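Colleague: Before we go through this model, could you show me how to read its features one at a time, with the general idea first and the particular case after it?
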Amino acid sequence: SHELMRRMRGKGASLSFDPNLRPSLWPSERRMIAEINALAAHAHWVLPGLEEGRLLSGWQEPADIAAFYLDMGVDAVAIKLGPSGAYYRDAHGEGLVPGVPVATVVDTVGAGDGLAVGVVSALLEGLPLPDAVARGNW
């Protein structure tokens with residue numbers, strides 16, 4: 001994975017990274033955190049959930065989690081906040097996109113993936129990060 005991401009980035013491909021943690025697949029939490037963060041550092045856009053970001057970065061607040069990844073060289077971070085929406089940050093600024101009220105939640109499986117698809121598709125179209133996160137959040 002590291003080599004593939006390195007090569008893709010070297011060829012100018014856009015890389016997004018959604019951690020999607022699976023602790024049972026790793027020999028230890030420490031190893032998981034180190035490897036996942038090393039992979040994230042290859043990406044342009046990192047899209048963790050809040051709890052994933054807390055575990056991986058050691059920080060609690062979305063702004064600090066985003067700063068952790070930006071300091072690694074990532075271009076932009078969007079943090080999924082569940083019903084509260086999404087936080088975003090890049091070199092141009094930061095913000096919060098409020099959650100979209102849903103009358104009846106049927107199933108939350110795939111909600112984070114849906115946000116990622118919306119964000120990444122918008123960024124690939126050249127939209128600014130706030131608009132991309134708004135699309136993904138919607």
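Colleague: Is the crossing in which H5 passes H6 left-handed or right-handed?
Modeller: Please keep in mind throughout that this is a predicted model. As for the handedness, H5 passes H6 in a right-handed crossing. The axes of helix H5, residues 111–124, and helix H6, residues 129–137, come within 7 Å and cross at roughly 145°.

Colleague: Which residues of H5 and H6 meet there?
Modeller: On the H5 side they are Gly114, Leu115, Gly118, Val119, Ser121, Ala122 and Leu123, and they meet Leu129, Ala132, Val133, Arg135, Gly136 and Asn137 of H6. Sorted by character, the residues of this contact divide into 7 nonpolar, 5 polar and 1 charged.

Colleague: Turning to the sheet, in what order do the strands run?
Modeller: The 5 strands form an open sheet in the order E1-E2-E3-E4-E5, and the pairing is mixed. Strand E1 (16–17) and strand E5 (93–98) each have a single partner strand and stand at the edges, so one side of each is left without a neighbour in the sheet.

Colleague: Where can I find the parallel and the antiparallel sense in this mixed sheet?
Modeller: For the parallel sense, look at strand E2, residues 45–46, and strand E3, residues 76–80, which pair over 2 bridges, with Val77 in E3 as the bridge partner of Val46. For the antiparallel sense, look at strand E4, residues 85–90, which pairs with E5 over 6 bridges; here the bridge partner of Asp90 is Gly93 in E5, and a hairpin joins E4 to E5 through 2 residues.

Colleague: How should I read burial for a polar side chain, and is Asn37, for instance, buried or exposed?
Modeller: The reading rests on relative accessible area, and a residue counts as buried when that value is under 20%. Asn37, which lies in helix H2, residues 29–40, has a relative accessible area of 8% and is therefore buried. Leaving out residues up to four places away in sequence, Asn37 touches Leu56, Phe68, Tyr69 and Met72.

Colleague: What does the side chain of Ser57 reach?
Modeller: Ser57 is found in helix H3, residues 50–57, and is buried, with a relative accessible area of 11%. Its side chain reaches the backbone nitrogen of Trp59 at 3.0 Å, while the backbone oxygen of Gly53 lies 2.7 Å from a polar atom of the Ser57 side chain. If residues up to four places away in sequence are not counted, Ser57 touches Ile65 and Phe68.

Colleague: Backbone angles are another thing to read, so what is the phi of Asn20?
Modeller: Phi of Asn20 is near 45°, which is a positive value in a residue other than glycine. Asn20 is found in the loop between E1 and H2 and, at 41% relative accessibility, counts as partly exposed.

Colleague: Finally, how many residues apart in sequence are His42 and His2?
Modeller: His42 and His2 are 40 residues apart in sequence, and their C-alpha atoms are 7.7 Å apart in space. His42 is found in the loop between H2 and E2, and the side chain of His42 makes a polar contact with the side chain of His2 at 3.2 Å. Leaving aside neighbours within four places in sequence, His42 is in contact with His2, Met5, Arg6, Arg9 and Leu15.

Note on methods. Residues are numbered from 1 along each chain as its sequence is written. This is a predicted model: local features need pLDDT of at least 70, side-chain atom pairs count only at pLDDT 80 or more; totals for chains, interfaces and linings use all residues. Side-chain values use heavy atoms; hydrogens and water are left out. Axes are lines fitted to C-alpha atoms, for helices over the stretch in contact, and angles run from 0 to 180 degrees between N-to-C directions. Helices (H or I, at least four residues) and strands (E, at least two) are DSSP runs, numbered from the N terminus. A crossing is left-handed if the near helix is turned anticlockwise from the far one by less than a right angle, and right-handed if clockwise. Contact means heavy atoms within 4.5 Å. Ala, Val, Leu, Ile, Met, Phe, Trp, Tyr, Cys and Pro count as nonpolar, Asp, Glu, Lys and Arg as charged, and the others, Gly among them, as polar. Buried means under 20% relative accessible area, exposed over 50%, partly exposed in between (1.4 Å probe, protein chains only). Two strands pair if DSSP finds at least two bridges between them. A polar contact is a pair of N or O atoms within 3.5 Å; within protein, one must be able to donate a hydrogen and the other to accept it, and residues adjacent in sequence count only if both atoms are side-chain atoms.
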